[in-house]
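Hi,

Here is the structure I promised to pass on to you. Please open it alongside this email, and my notes follow below.

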Amino acid sequence: MENLLGLLKIHVQRGVNLAIRDVVSSDPYVVIKMAKQKLKTRVVKKNLNPEWNEDLTLSISDPHTPIHLYVYDKDTFSLDDKMGDAEFDIGPFFEAVKMRLAGLPNEAIVTRVQPSRQNCLAEESHIVWKDGKIFQNMVLRLRNVECGEVELQLHWVDIPGSKVM
């Protein structure tokens, strides 16, 4: 806990055009893993465009550790089916947090992250200063599956005594 930099709140908004894993639909849920931390959303029954709107919080001690996102289809009588995965890095987001921005106009874009083969982004992602806080909206394209995207919003939470410079 002494190396803790802060908390990363991940708002899992929704899935778009997820793959079918049951006969006509799927019962998707999201798992987010970072190092030894593992968090998961609730299952949304029979929906290929689920709305989770859930906040998951990771404690960050190393901002260079990649965050893995997995989408699964909940099955009753067998192992859950994989519906794709994605990986993202919070490096640019953390750099914006370290800037300690103040006095910027609301909704100001701090930086932009371009999609590439390394970051699973489906479109350009903006890191934004809003209401005195840093946010990043991102749409992740799922890998190892025929189709599907997941929309997330990242938000940094400072904790007293953290080592963010």
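Asp75 is a good place to begin in this predicted model: with a relative accessible area of 13%, Asp75 falls under the 20% cut-off and therefore counts as buried. You will find Asp75 in the loop between β5 (67-73) and β6. Leaving aside neighbours within four places in sequence, Asp75 is in contact with Asp22, Asp80 and Asp81, so if you are setting up charges for this model, those are the residues I had in view. Pro28 is also worth locating on your screen: Asp75 and Pro28 are 47 residues apart in sequence, while their C-alpha atoms lie 9.6 Å apart in space.The next residue is Asp85, in strand β6 (residues 81-88). Is Asp85 buried or exposed? At 12% relative accessibility, Asp85 is buried, because that value is under 20%. The side chain of Asp85 makes a polar contact, at 2.7 Å, with the side chain of Asn144. Not counting residues up to four places away in sequence, Asp85 touches Leu69 and Tyr70, together with Arg141, Leu142, Arg143 and Asn144.

Now to the sheet. Six strands form an open sheet in the order β4-β1-β10-β9-β8-β7, and the pairing is antiparallel. At the edges are β4 (51-60) and β7 (108-113), each of which pairs on one side only. From one strand to the next, the twist averages 20°. In general, the strands of a sheet pair through backbone hydrogen bonds, in either a parallel or an antiparallel way.

Within this sheet, I looked at one pair in detail. Strand β8 (residues 125-130) and strand β9 (residues 133-141) run antiparallel and are joined by 4 bridges. Lys130 stands opposite Lys133 in β9.

Last, the helix. Which residues of α1 (residues 91-98) are buried? They are Gly91, Phe93, Phe94, Ala96 and Val97. The cover over these buried residues includes β1 (6-16), β7, β8, β9 and β10 (149-157). Just after α1 comes Arg100, which takes a positive phi of about 50°.

That is what I have for now. Happy to talk it through whenever suits you.

Best wishes

Terms used
Residues are numbered from 1 along each chain as its sequence is written. This is a predicted model: local features need pLDDT of at least 70, side-chain atom pairs count only at pLDDT 80 or more; totals for chains, interfaces and linings use all residues. Side-chain values use heavy atoms; hydrogens and water are left out. Helices (H or I, at least four residues) and strands (E, at least two) are DSSP runs, numbered from the N terminus. Buried means under 20% relative accessible area, exposed over 50%, partly exposed in between (1.4 Å probe, protein chains only). A polar contact is a pair of N or O atoms within 3.5 Å; within protein, one must be able to donate a hydrogen and the other to accept it, and residues adjacent in sequence count only if both atoms are side-chain atoms. Contact means heavy atoms within 4.5 Å. Two strands pair if DSSP finds at least two bridges between them. Axes are lines fitted to C-alpha atoms, for helices over the stretch in contact, and angles run from 0 to 180 degrees between N-to-C directions.
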